[in-house]
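Dear colleague,

Please find the structure below, handed over for your own work. A summary of what was found in it follows.

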Amino acid sequence: MYQLSGVTKRYRRGKTNVDALRGIDLTIADGDQLVIQGPTGGGKSTLLQMLGALDRPTSGVIEFDGTDLAKLSEARLTKVRSENIGFIFQSFNLIPTLNAQENVETALVPMGVRPADRRARAAAALESVGLGERLTHLPSELSGGQQQRVAIARALVKEPKVLLADEPTGNLDEGTRDDIMALLEGLWRDRGLTFILVTHDSTIAKRAPRLATLRKGTLTVRESSRT
Amino acid sequence: MFFTYLRRELRRRRKAALVVALGLALGIGLVITVDSVSSGMDQAQGKVLKSLYGLGTDMTVTKAAPASGTGSTTRPKFDFDANSSGTSQSSDRVMVQGFQTLSSSVVSTVGKQKDVAGAVGGLNLQVLKINGTFTQGQFQQRQGSSSGGGFPGGGGSSSTPQGEVKGGGAQFDANSYTLYGVDVSDLSMGPLTSSKITSGSTFTAADANAKVMVADSAYAKQNKLKVGSTVTVKGTKYKVIGIATADSGDAAANLYLPLKQAQTLSSSASKITTVYVKASDSQQISTVKSEIQHNISGTTVTTSADLASTVSGSLSTASSLATNVGKWLSIAVLIAAFLVAGLLTSSAVSRRVREFGTLKALGWKSGRVTRQVMGEALVNGLIGGALGIALGLAGAFAVTEISPTLSAQLGSSASTGGGQGGPGGGAPGGFGGGARQAASKTLDVALSAPVSVGTIVLAVGLALGGGLIAGTFGGWRASRLRPADALRRVE
Ligand SMILES: Nc1ncnc2c1ncn2[C@@H]1O[C@H](COP(=O)(O)OP(=O)(O)OP(=O)(O)O)[C@@H](O)[C@H]1O
Ligand SMILES: [Mg+2]
């Protein structure tokens, strides 16, 4: 699925440069799960942006299904995102003025799905994360865990190949965190997704079949025997 | 999704939308009020000008009266029988008033010109009637005593100047009034069009040689004239067939009669003093003016614009206030409103960086996000437009309700008998030339603020423009957001 070699990312901040990624080599196979951890400022979110076609690296190759994302135009990257990649964010990032169902529908808008289909698929996706009763609730009318479930439904409604999550449980209490993790792991298993998860949570990291650690832009990967 | 999203945003962020809309509403409301007030000013000026010109006239052609010294043509001379001492005598002196005459062929010359829709001639006359007795040997006829003697420098336009000349045992009543010779073959233009026939009837084309008159209502009242009354001028009897009431309360002449009759009375066959010209296209007025000046040398061509520049008084003050201060104020407020709307929209986008970043991360094209922002701004603009139209209508309504009275003073040059402008007032040689010219007219006009469809269209245009400007600010901002902004932690 992914083949990264020599990926660097340098941010310019006035006169100073920040090397967020310094030569990342990484291979991720179809249907793999990769957990990324590391100290704050280590470059985890930056790497996730590269994998999610949100940004282009300063140098290096990011091969995704045979195409180099580093060489694609903004418009092509947009297309890759809309078709293949589902995102889950730490702070849920729901549109505050849209209800649960409409929020999920936003993921189908760029694919040109007809409104009636869109509504049906959004409702089904919410059903699958246990929110079948909450279609017309606004984000502000939902608990944190429920909001993250809406975000998960939104990420998965278009049936992407890859699911990227940046600290999805960072804003949740412990019980809810376990629920969400269980949900995500279940979905990963059932749907054959490639699942890349950034987390600070050491219990999650310990369970991970494959753990990458990012420190000051450098990556080390620990393979563990699959359970 | 576009409309759902738009509706949801506007409903759930009502306050922000309202602030933008209110800013625009203020600007647009001001524009509507100022626009309608200044068109009210135009109407008021139009009323004033119409009272001078009559309807449908774009310009007049006249020839200035000669300066004093060559004024012998207009200087009156009376021949009294000096032998019939003690008997009452009367004499009418009919003079061309205020202008030098033009040949009536000028009318057809002008009429044939390009872009001229019509031309009609008219003749302004003044009649000076002297009644009196004198005793032989005591009357000394001197020019100084007759021109400088008992005549007031100028009378009110509708009051007839009366004077008494006493000299050497002679006693005279002088009585002057104005006549206007109407081209009865074309009644669509000329001073009579600004009057309504309130009794009897007006002239018809068949009246060309008839001894008939139409009397101005004010003069008729003063002299107890009615339809059917007889007026004698220079021994000729005229029958009053109609009473005309001037729209502005200020008539162009005391008595109107067919042009031929006026020419005969003043022994100026085929002469006129004024040509009333209508241009076929109001855009061509100045072209027509210079063409006439070129074709007929020595004439004065006065357009409505020329006349308007002689209007002074509170009307012109208010009018220039509305057109200058009001215009600039509303433009300034409008620009400020547009800028504020733009900045508010743009700052609203910055507060929604993560929202739009997320949509881009989900695969929304930049254009779709921009469109969404533009759509919101446009709707805000339209709401602002609707509120602004309401505000503006309220403002215009208030002005019309209060209807402040403005007075218009017309420069002395514009107050001659026929009402047309012309520099004739400068040098009155005898009393015929200057009698009415020294007086300046004052008209009172109530101001209204009519709101035209054009103004509303303008307001809607401004609303759309304001929304578009705001949307451009916001949309530009939104288009520059990176999808990676979705991951930004701080709002
Ligand atoms: N847009 C940016 N402009 C400039 N510097 C940036 C930008 N984004 C990230 N950085 C810098 O790059 C480095 C890596 O940032 P990144 O967000 O990837 O860290 P992280 O591992 O996700 O940290 P955290 O655990 O706190 O989320 C940091 O030093 C950060 O300051
Ligand atoms: Mg991070």
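To begin with a point of detail: which residue stands opposite B:Ala64 in β3(B)? The partner is B:Phe99. Please note that the model is a predicted one.

**Strand β1 of chain B**

The pairing just mentioned belongs to β1 of chain B, which joins strand β3 (residues 99-100) of chain B in the antiparallel sense over 2 bridges. Strand β1, covering residues 59-64, also pairs with strand β14 (residues 274-279) of chain B, again in the antiparallel sense, over 4 bridges. There, B:Val277 of β14(B) is found opposite B:Met59. A further antiparallel pairing, over 4 bridges, links β1(B) to strand β15 (residues 300-303) of chain B. In that pairing B:Val61 has B:Val301 of β15(B) as its bridge partner.

**B:Gln293**

Both members of this last pair recur in the surroundings of B:Gln293, a residue of helix α7 (residues 285-295) of chain B. The C-alpha atom of B:Gln293 is separated by 8.8 Å from that of B:Val61, although the two residues are 232 residues apart along the chain. Leaving aside residues up to four places away in sequence, B:Gln293 touches B:Thr299 and B:Val301. B:Gln293 counts as partly exposed because its relative accessibility is 36%, which falls between the limits of 20% and 50%.

**Helices α1 and α11 of chain B**

At what angle do the axes of α1(B) and α11(B) cross? Helix α1 (residues 2-12) and helix α11 (residues 366-402) of chain B have axes that come within 10 Å and cross at roughly 50°. The arrangement of α1(B) to α11(B) is therefore oblique. The crossing is right-handed. On the side of α1(B), the contact is made by B:Phe2, B:Tyr5, B:Leu6, B:Glu9 and B:Leu10. On the side of α11(B), B:Arg371, B:Gln372, B:Gly375, B:Glu376, B:Val379 and B:Asn380 take part. Sorted by class, the contact comprises 5 nonpolar, 3 polar and 3 charged residues.

**Positive phi values in chain B**

Most residues other than glycine have a negative phi. B:Ser270 has a positive phi, near 55°. This serine is found in the loop between α6 (259-265) and β13 (271-272) of chain B, and B:Ser270 is partly exposed with a relative accessible area of 43%. B:Ser403 likewise has a positive phi, of about 35°. B:Ser403 lies in the loop between α11 and β17 (405-410) of chain B and is partly exposed, its relative accessible area being 27%.

**Sheet and strands of chain A**

In chain A, 4 strands form an open sheet with antiparallel pairing, in the order β2-β1-β4-β5. Its edge strands are β2 (16-28) and β5 (67-68), each of which pairs on one side only. Strand β4 (residues 59-64) of chain A pairs with β5(A) over 2 bridges, and A:Phe64 stands opposite A:Thr67 in β5(A). Helix α1 (residues 44-51) of chain A lies across β1 (2-13), β2 and β4 of chain A and runs at about 120° to β1(A).

Strand β6 (residues 85-88) of chain A is covered on both faces. On one side A:Ile85 and A:Phe87 are buried, and on the other A:Gly86 and A:Ile88 are buried. Strand β6(A) pairs with strand β7 (residues 162-166) of chain A in the parallel sense, over 4 bridges. Within that pairing, A:Ala165 of β7(A) stands opposite A:Ile88.

With kind regards

Notes
Residues numbered from 1 in each chain as written. Chains lettered and ligands numbered in written order. Predicted model: local features only at pLDDT ≥ 70, side-chain atom pairs only at ≥ 80, totals over all residues. Heavy atoms only, no water. Axes fitted to C-alpha atoms, helices over the stretch in contact; angles between N-to-C directions. Parallel < 35°, antiparallel > 145°, perpendicular 65-115°, else oblique. Left-handed = near helix turned anticlockwise from the far one by under 90°. Contact = heavy atoms within 4.5 Å. Nonpolar A, V, L, I, M, F, W, Y, C, P; charged D, E, K, R; others polar. Pairing = 2+ DSSP bridges. Buried < 20%, exposed > 50% of the residue type's maximum accessible area, 1.4 Å probe, protein only.
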